[in-house]
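Work through the exercises below with the sequence and the model in view. Each task is followed by a solution in steps.

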Amino acid sequence: MAAGAVVAAAAGGSDFSDLREIKKQLLSVAERSRERGLQHSGKWAAELAFALEPLPLSELPPPPVLTEEDARDLDAYTLAKSYFDLKEYDRAAYFLQGCKSQKAYFLYMYSRYLSGEKKKDDETVDSLGPLEKGQVKNEALRELRVELSKKHKAQELDGFGLYLYGVVLRKLDLVKEAIDVFVEAAHVLPLHWGAWLELCNLITDKEMLKFLSLPDTWMKEFFLAHIYTELQLIEEALQKYQSLIDAGFSKSTYIISQIAVAYHNIRDIDKALSIFNELRKQDPYRIENMDTFSNLLYVRGMKPELSYLAHNLCEIDKYRVETCCVIGNYYSLRSQHEKAALYFQRALKLNPRYLGAWTLMGHEYMEMKNTSAAIQAYRHAIEVNKRDYRAWYGLGQTYEILKMPFYCLYYYRRAHQLRPNDSRMLVALGECYEKLNQLVEAKKCYWRAYAVGDVEKMALVKLAKLHEQLNESEQAAQCYIKYIQDIYSCGEVVEHLEVSTAFRYLAQYYFKCKLWDEASACAQKCCAFNDTREEGKALLRQILQLRNQGETSSTDVAAPFFLPTSLSANNTPTRRVSPLNLSSVTP
């Protein structure tokens, strides 16, 4: 316990003024993590330490002080650690029985835990296949919990021991107890990243975060940046990462990768791609987060780049989950969905708790029209992480295909709660409400989707069609006008799916209002599209006929507002009127 307390004191305060001291702490905890077989925590600390300036020989951290117990257990520990490194967990545990030192005791308990996990994963993969509901349990968990809880009550667990106790509780679905233990572990040994990361996986919303009593240490800043990214609070996350870069961690590949992931999460694809490309230059053999990079290349349809990435990762390590996911994305982009699903299954054999592979496999089964397998895959993704909006959204889409709108409404709502400002979730919700004939709710969703920045430029069209259906012609016209203005202002190709529909409706609307100039301008626009060309010509003929008969343009009918001058065929001066008022249906 004493050693843990010393490190806790050393990490106190969230001040980054003494980077040399922080580097010493990182090097020290990296070594202590590796001694206990916690390779990922050791790697994280080492990567972060590498981003800081080298220390002179006189300032390097001293080796840990050995106690009498450490000396007594040294032979058993050295032998067991060599077995542990070769993944012979039962053998390692056998030779560590009866060891009293903190380090040897942790390795003994951790070996037993990993042995149980390995047997569970082997049995799951061999007997059930990756899409069956896993009933296989880690048999060692209950015994480990009993033993660790006794040590915990006697206050004999150091920071690493508390971390392992928390992991065991989480695996037994004792979430509240696990959170308390991980918070305690963060207080006792704030430099151990593993405990912070486990805590991060158990926090489901910002409210939970407020009630946590976290230690005031510089490590807390890394934790908050990570949890903000996970909770989709991207603006806050990016601010945190920027402050960490300013504090002296500008060379950290971990921070660069996290910023790229944050931009991926808000679908700023260009920014995310450029950061990932920069990361690849700095760390060309990196495999972590490359599956996220491949998702971006997939969305952009960048086949050559995705092919290069897949081949490159295959050369580095073909048996990593990220590599399998990248190859799966490559086959998916080539519409070889069976092959893609096979690689996502391979990723899950390597790590059944790998979230991305479950979700991506669900997408592939959707493409293959295998809805029951897709549902199972998405459900597994949610079991692994309830914050995965893609899995909730995928389930909504699956039930939409099965024509079960009440089910899909529930799943889309969950996806929307996780991504409140994602227009795709709102449009999907609006469509659901429409099918259930809850038209006021549908209007709210479409308007909100437009307000938060409609990615697919479909919300206004759907809202216009809804108004059309309800014979609210003025509101429908206003929505179509806004839609056309948006399409033209962002310089998109005007052969957009619904542009012709909008011009056709507006031409007919202005015709009914006897506003010949505006009707004529819209009818001429209709002539540019194959599907509305004949209607546009017919309307122009009618307008010409009425004008020849001496019909005057109406002045007493108030039109909502008119086409912008740049779009008006004859540059008719247009009247300025108030913009669309949907206050009655705006949430």
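**Exercise 1. Confidence**

Task: State the mean pLDDT of the protein and find where confidence is lowest and where it is highest.

Solution.
- Step 1. This is a predicted model, and the mean pLDDT of the protein is 84. Of its residues, 88% reach 70 or more.
- Step 2. Confidence is lowest in helix H1, residues 2-10, where the mean is 40. The highest value, 95, belongs to H18.
- Step 3. The pLDDT is below 50 over residues 127-133, a stretch with 20 contacts in the model beyond near neighbours in sequence. It is also below 50 over residues 564-587, and there the contacts beyond near neighbours in sequence number 33.

**Exercise 2. Helices H14 and H15**

Task: Describe how H14 and H15 are placed relative to each other, and list the residues that make their contact.

Solution.
- Step 1. H14 spans residues 253-265 and H15 spans residues 269-282. Their axes come within 8 Å and cross at roughly 160°.
- Step 2. Angles over 145 degrees count as roughly antiparallel, so H14 is roughly antiparallel to H15.
- Step 3. The crossing of H14 past H15 is left-handed.
- Step 4. From H14 the contact takes Thr 253, Ile 256, Ser 257, Ile 259, Ala 260, Val 261, Tyr 263 and His 264. From H15 it takes Lys 271, Ala 272, Ile 275, Phe 276, Leu 279 and Gln 282.
- Step 5. Sorted by class, this contact of H14 with H15 has 9 nonpolar, 4 polar and 1 charged residues.

**Exercise 3. Helices H17 and H18**

Task: Give the crossing angle of H17 and H18, then the make-up of their contact.

Solution.
- Step 1. The axes of H17 (residues 303-316) and H18 (residues 321-333) cross at roughly 150° and come within 9 Å.
- Step 2. H17 and H18 are therefore roughly antiparallel to each other, and their crossing is left-handed.
- Step 3. H17 contributes residues including Leu 306, Leu 309, Ala 310 and Leu 313. Among those from H18 are Val 326, Ile 327, Tyr 330 and Leu 333.
- Step 4. The class count for the contact of H17 with H18 is 9 nonpolar, 3 polar and 1 charged residues.

**Exercise 4. The annotated repeats**

Task: Which residues does the UniProt annotation "repeat: TPR" cover, and how much of the span 321-354 is helix?

Solution.
- Step 1. The annotation, from an unreviewed UniProt entry, covers residues 321-354 and 355-388.
- Step 2. Residues 321-354 are 79% helix and 0% strand, with end C-alpha atoms 8 Å apart.
- Step 3. For residues 355-388, the end C-alpha atoms lie 8 Å apart, and the span is 79% helix and 0% strand.

**Exercise 5. Helices H23 and H24**

Task: Repeat the analysis for H23 and H24.

Solution.
- Step 1. H23 (residues 405-418) and H24 (residues 423-435) have axes that come within 9 Å and cross at roughly 155°.
- Step 2. The two helices H23 and H24 are therefore roughly antiparallel, and they cross in a left-handed way.
- Step 3. Residues of H23 including Cys 408, Leu 409 and Tyr 412 meet residues of H24 including Leu 426, Leu 429 and Cys 432.
- Step 4. By class, the contact of H23 with H24 holds 11 nonpolar, 1 polar and 2 charged residues.

Key:
Residues are numbered from 1 along each chain as its sequence is written. This is a predicted model: local features need pLDDT of at least 70, side-chain atom pairs count only at pLDDT 80 or more; totals for chains, interfaces and linings use all residues. Side-chain values use heavy atoms; hydrogens and water are left out. Axes are lines fitted to C-alpha atoms, for helices over the stretch in contact, and angles run from 0 to 180 degrees between N-to-C directions. Helices (H or I, at least four residues) and strands (E, at least two) are DSSP runs, numbered from the N terminus. Angles under 35 degrees count as roughly parallel, over 145 as roughly antiparallel, 65 to 115 as roughly perpendicular and the rest as oblique. A crossing is left-handed if the near helix is turned anticlockwise from the far one by less than a right angle, and right-handed if clockwise. Contact means heavy atoms within 4.5 Å. Ala, Val, Leu, Ile, Met, Phe, Trp, Tyr, Cys and Pro count as nonpolar, Asp, Glu, Lys and Arg as charged, and the others, Gly among them, as polar. UniProt positions are given in the numbering used here, feature names are shortened, and annotations may be inferred rather than shown by experiment. pLDDT is the predictor's confidence in each residue, from 0 to 100.
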